[in-house]
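Trainee: Could you take me through one part of this model in detail? I would like to look at its enclosed spaces and what surrounds them.

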Amino acid sequence: MNGYDYTMTPQPLIDITDEHGTPTGQRTTIDDANNKGLWHRTAHVVIYTPDKQVLVQKRSDSIIRYPGFLDMSLGGVMHAGEAPEQTLQRRASEELGLTIDPDQLKFISSTKYNHPVPSYGKHVRVILMNYILEIPTTKVTLRYLETEVSWAGFIDWDLADTLTTKGTVKNLGKLIPRYAYYQQLLTAARTSSEETKHSLQK
């Protein structure tokens, strides 16, 4: 889960929400929201292909949360006035130089993340808007945002399953320990992929 770049200058404004994700009308910066423990929204997507490959990225060693860990989702904080789909389109371009069609995003669920970070004097409270996206092929050119991403590529679903159950794969790395979260989105991706195949066969 990306987008918490506390060093970004100048910081964009974001919409503050209540604990259910409804905007309160207040706007502030990401830093201010996390310093005060204010609820706000993020959007994240798991990207996969019809041949059972999942996009994975390794977080930069300089990022605050989980440096050097693997992440199966792409996304970040929603800027003020943005729809989740707009956020994901922007973040895909920023993080990986990837162009995605927001109309092809499939909403899966919303979840809450409420986590104090005392070592930095912050309390992150976010409503996560969770999506999946099937793209036609792994043959895409990726360009990393080095402040957030050190590597990105595709792995097969079996390897993704190993990561979400064991938390680590030799020569690949450790996954951010939100295994149930990733499992939910991978299951949704599998189901959607099978539904797409069946509809094409009719």
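How many cavities of 30 Å³ or more does the structure hold?

Mentor: Happy to! This is a predicted model, where local features need pLDDT of at least 70, side-chain atom pairs count only at pLDDT 80 or more, and totals for chains, interfaces and linings use all residues. Residues are numbered from 1 along each chain as its sequence is written, and side-chain values use heavy atoms, leaving out hydrogens and water.

The structure holds two cavities of 30 Å³ or more. A cavity here is a set of points on a 1 Å grid over the protein atoms alone where a 1.4 Å probe fits but cannot get out, with lining residues having an atom within 4 Å of a point. Let's visit the second largest, with a volume of about 40 Å³ (the space filled by probe spheres set on the points, which are joined across faces, edges and corners). Among its lining residues are Val 45, Leu 55, Asp 71 and Met 72. Strand 3 (39–48) and strand 4 (53–59) each supply at least two lining residues; strands are DSSP runs of E, at least two residues, and helices runs of H or I, at least four.

Met 72 also leads into the largest nonpolar core: of its 26 residues, Val 54, Met 72 and Leu 163 touch the most other members. Such a core is a set of buried Ala, Val, Leu, Ile, Met, Phe, Trp, Tyr and Cys residues joined through side-chain atoms within 4.5 Å, buried meaning under 20% relative accessible area with a 1.4 Å probe, protein chains only. Helix 4 (179–201) is one of the elements that each supply at least two residues of this core, and helix 4 gives the most, with six.

Key. 1 Å grid on protein atoms, 1.4 Å probe; cavity = no way out; pocket = protein on both sides within 12 Å on 5 of 7 lines; lining within 4 Å. Buried < 20%, exposed > 50% of the residue type's maximum accessible area, 1.4 Å probe, protein only.
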